[in-house]
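Trainee: Could we go through this one together before the group meeting? I'd like to start with the overall picture and then look at some local details.

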Amino acid sequence: MTKFSDLNLSPKVVKAIEEAGYESPTPIQAGAIPPALEGRDVLGIAQTGTGKTAGFVLPMITLLARGRARARMPRSLVLCPTRELAAQVAENFDTYAKHVKLTKALLIGGVSFKEQDKLIDKGVDVLIATPGRLLDHFERGKLLLTGVQIMVIDEADRMLDMGFIPDIERIFSLTPFTRQTLFFSATMAPEIERITNTFLSNPARVEVARQASASETITQGVVMFKGSRRDREASEKRKLLRALIDGEGDLCSNAIIFCNRKTDVDIVAKSLKKNGYDAAPIHGDLDQSQRTRTLDGFRDGALRFLVASDVAARGLDVPSVSHVFNFDVPSHAEDYVHRIGRTGRAGRLGKAMMICNPRDEKNLAAIDALLQKEIPRIENPIGGPAPDTADAPTKDSAGPESSTEEKPEDKPAKPRRTRSRRKPSDAAQTQEATAAQPSEAKPEIAAQQDTPAPTEQTEQAAARPDTSDEAPREDKPKRSRGGRGRSGGNGGGSDNRTVGMGDHMPSFIALSFEERRAS
Ligand code: AMP
């Protein structure tokens with residue numbers, strides 16, 4: 001089995017890895033680190049949870065250990081689709097570079113330009129950024145990208161979903177032709193293939209899992225659900241969610257609950273809390289400090305249930321999430337794979353359960369087709385529809401929190417074409433169901449009466465899927481194009497290899513699971 005010490009990493013990096021408790025490199029690390037250290041471009045096809053972050057961070061630290069940063073000219077650049085992911089990459093640098101003197105700056109929305117400018121002015125070795133924020137700094141004349149020797153694109157397929165590809169092309173064009181590029185994506189959509197063909201030069205291609213495959217360590221199940229009456233469906237569905245959680249007992253140490261819409265994220269979190277579950281919401285419209293607080297709480301184990309939208313939870317690295325509950329069937333089959341990939345990480349066991357109502361059966365069929373197997377149907381633990389009297393009526397309403405929902409300017413300029421379009425009538429139905437809820441949570445009702453009724457437009461906006469990423473306008477993708485290819489680029493590369501967990505399964509996999517079970 002390959003060892004970290006065989007990979008030519010700097011001894012200081014190997015020391016930090018040992019201190020992090022890693023015994024051996026994961027397949028993406030074993031595959032990506034050697035060519036990266038040789039200065040080659042790398043095309044890594046890997047999902048989160050495979051250890052891909054260390055796959056680029058470790059060679060970067062080794063390569064950057066020599067040389068010094070110059071003012072306003074970062075020596076390397078890591079681009080991530082969301083703030084959370086960027087912050088996570090920054091944490092990885094802190095862990096693995098603790099014995100090396102490297103400076104870094106994190107350019108993400110929600111942090112003041114002034115602080116970030118100060119760091120860049122001093123000169124940084126590593127700049128970690130979201131594309132919009134990076135271009136904002138560049139356009140303000142605060143930053144030069146001509147000193148970038150290594151550029152990393154992380155989660156390229158998510159960048160595509162969020163409409164960031166034109167920004168990425170522009171950023172490529174602002175960096176030197178001689179740079180080294182490390183490019184990571186979970187899937188290789190045609191547009192991603194095009195970008196890699198244009199901007200990567202004879203990359204080493206390292207693939208660690210079949211495209212869009214679900215980890216074998218995750219037990220999956222889906223409950224078919226139909227409300228007893230349309231006006232009761234929403235509350236009955238929440239009751240079913242609670243029953244699924246309860247059915248797992250102590251095995252469910254923590255969970256992420258995914259909803260398709262931001263309003264539902266808020267409603268489900270509120271409803272769980274009201275029913276005595278330790279839950280909090282996270283989605284693109286909550287302010288950054290709140291998102292960070294919630295995530296930190298979830299990571300530390302202080303918060304048990306994180307109710308999330310796809311964008312907010314994408315790429316989050318919380319190593320031990322025991323369960324994922326899909327409150328809704330995602331409208332894109334690949335999102336299912338990403339969602340359930342929050343559990344069963346780094347080889348641990350995990351469980352993923354989903355609720356599917358008749359309207360979502362088409363989407364469920366698409367997921368089964370993508371996985372090339374049928375997700376096992378599990379019995380409805382409450383045996384059939386029943387009214388949910390314990391639920392608060394205001395939870396369904398587009399109440400005051402809806403005013404913070406997705407604003408048009410937060411949407412990517414070029415959303416994924418296949419994104420589901422909710423008909424206005426869907427929003428109306430939600431509202432209709434709300435009106436018929438039993439009236440128990442009186443204080444909340446009273447509070448709501450003071451609130452002006454939301455406009456139809458607000459409700460429809462609130463009912464849209466969460467496509468916002470970093471909320472602030474400045475990160476909105478721009479349409480500019482300036483891409484220029486590197487001659488001889490070839491996304492396929494000559495060094496094609498595919499490795500799976502198989503024989504290479506590192507020993508930490510069995511270890512962490514046993515520990516969890518024992519506890
Ligand atoms: P990533 O795919 O980069 O999000 O990483 C997933 C998780 O795997 C993170 O919590 C890492 O700390 C952990 N990890 C990365 N490399 C290793 C390794 N070689 N051994 C054990 N855990 C690792």
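Mentor: We'll take the whole chain to begin with, and then some helix packing and a few ring contacts. Please keep in mind throughout that this is a predicted model.

Trainee: Fine. How many helices and strands does the protein have?

Mentor: There are 19 helices and 15 strands in the protein. Of its 519 residues, 56% count as buried, and the exposed surface comes to about 21100 Å², with carbon and sulfur atoms supplying 51% of it.

Trainee: And what share of the contacts is between residues 24 or more positions apart?

Mentor: Taking the contacts with a separation of 6 or more, 81% are accounted for by residues 24 or more positions apart.

Trainee: Switching to helices, at what angle do helix 5 and helix 6 pack?

Mentor: Helix 5, residues 113-122, packs against helix 6, residues 131-139, at an angle of about 70°, and the two axes are 12 Å apart. Because of that angle, helix 5 is roughly perpendicular to helix 6. On the helix 5 side the contact is made by Phe-113, Gln-116, Asp-117 and Ile-120, and on the helix 6 side by Arg-133, Asp-136 and His-137.

Trainee: Phe-113 and Arg-133 caught my eye there. Where does Arg-133 lie relative to the ring of Phe-113?

Mentor: Arg-133 lies over the face of Phe-113, at 3.8 Å from the ring centre. Elsewhere in the chain, Lys-237 lies over the face of Phe-327, at 4.5 Å from the ring centre.

Trainee: Back to helix 6, then. Why do you call it largely enclosed?

Mentor: Seven of the nine residues of helix 6 are buried, so the rest of the structure largely encloses it. The buried residues are Pro-131, Gly-132, Arg-133, Leu-134, Leu-135, Asp-136 and His-137.

Trainee: What covers them?

Mentor: The cover over the buried residues of helix 6 includes helix 5, helix 7 (156-161) and helix 8 (165-174), together with strand 2 (76-79), strand 3 (104-107) and strand 4 (126-129). After helix 6 comes Gly-141, which has a positive phi, near 75°.

Trainee: Which other helices pack at about 70°?

Mentor: One such case is helix 14 (residues 333-340) with helix 15 (residues 361-371), where the axes are 8 Å apart. These two helices are therefore roughly perpendicular to each other. Their contact involves Ala-333, Glu-334, Tyr-336 and Val-337 of helix 14, and Ala-366, Ile-367, Leu-370 and Leu-371 of helix 15.

Trainee: Now the aromatics. How many pairs are there?

Mentor: The count comes to four aromatic pairs. In one of them, Phe-56 and Phe-184 are tilted, at 5.3 Å centre to centre and with 45° between the planes. This pair links distant parts of the chain, with Phe-56 in helix 3 (residues 52-64) and Phe-184 in strand 6 (residues 180-185), 128 residues apart.

Trainee: Is Phe-56 buried or exposed?

Mentor: Phe-56 counts as buried, because its relative accessibility is 0%. Phe-184, at 1% relative accessibility, counts as buried too.

Trainee: Last one from me: what about Glu-18, buried or exposed?

Mentor: Glu-18, found in helix 1 (residues 11-20), has 55% relative accessibility and therefore counts as exposed. The C-alpha atoms of Glu-18 and Tyr-96 are separated by 9.7 Å, although the two residues are 78 residues apart along the chain.

How values were computed: Residues numbered from 1 in each chain as written. Predicted model: local features only at pLDDT ≥ 70, side-chain atom pairs only at ≥ 80, totals over all residues. Heavy atoms only, no water. Helix = DSSP H or I, 4+ residues; strand = E, 2+ residues; numbered from the N terminus. Buried < 20%, exposed > 50% of the residue type's maximum accessible area, 1.4 Å probe, protein only. Contact = heavy atoms within 4.5 Å. Areas by Shrake-Rupley, 256 points an atom, 1.4 Å probe, with all protein chains shown as cover. Phe/Tyr/Trp six-rings, centres within 6.5 Å; stacked < 30°, edge-to-face > 60°. Lys NZ or Arg CZ within 6 Å of the ring centre and 35° of its normal. Axes fitted to C-alpha atoms, helices over the stretch in contact; angles between N-to-C directions. Parallel < 35°, antiparallel > 145°, perpendicular 65-115°, else oblique.
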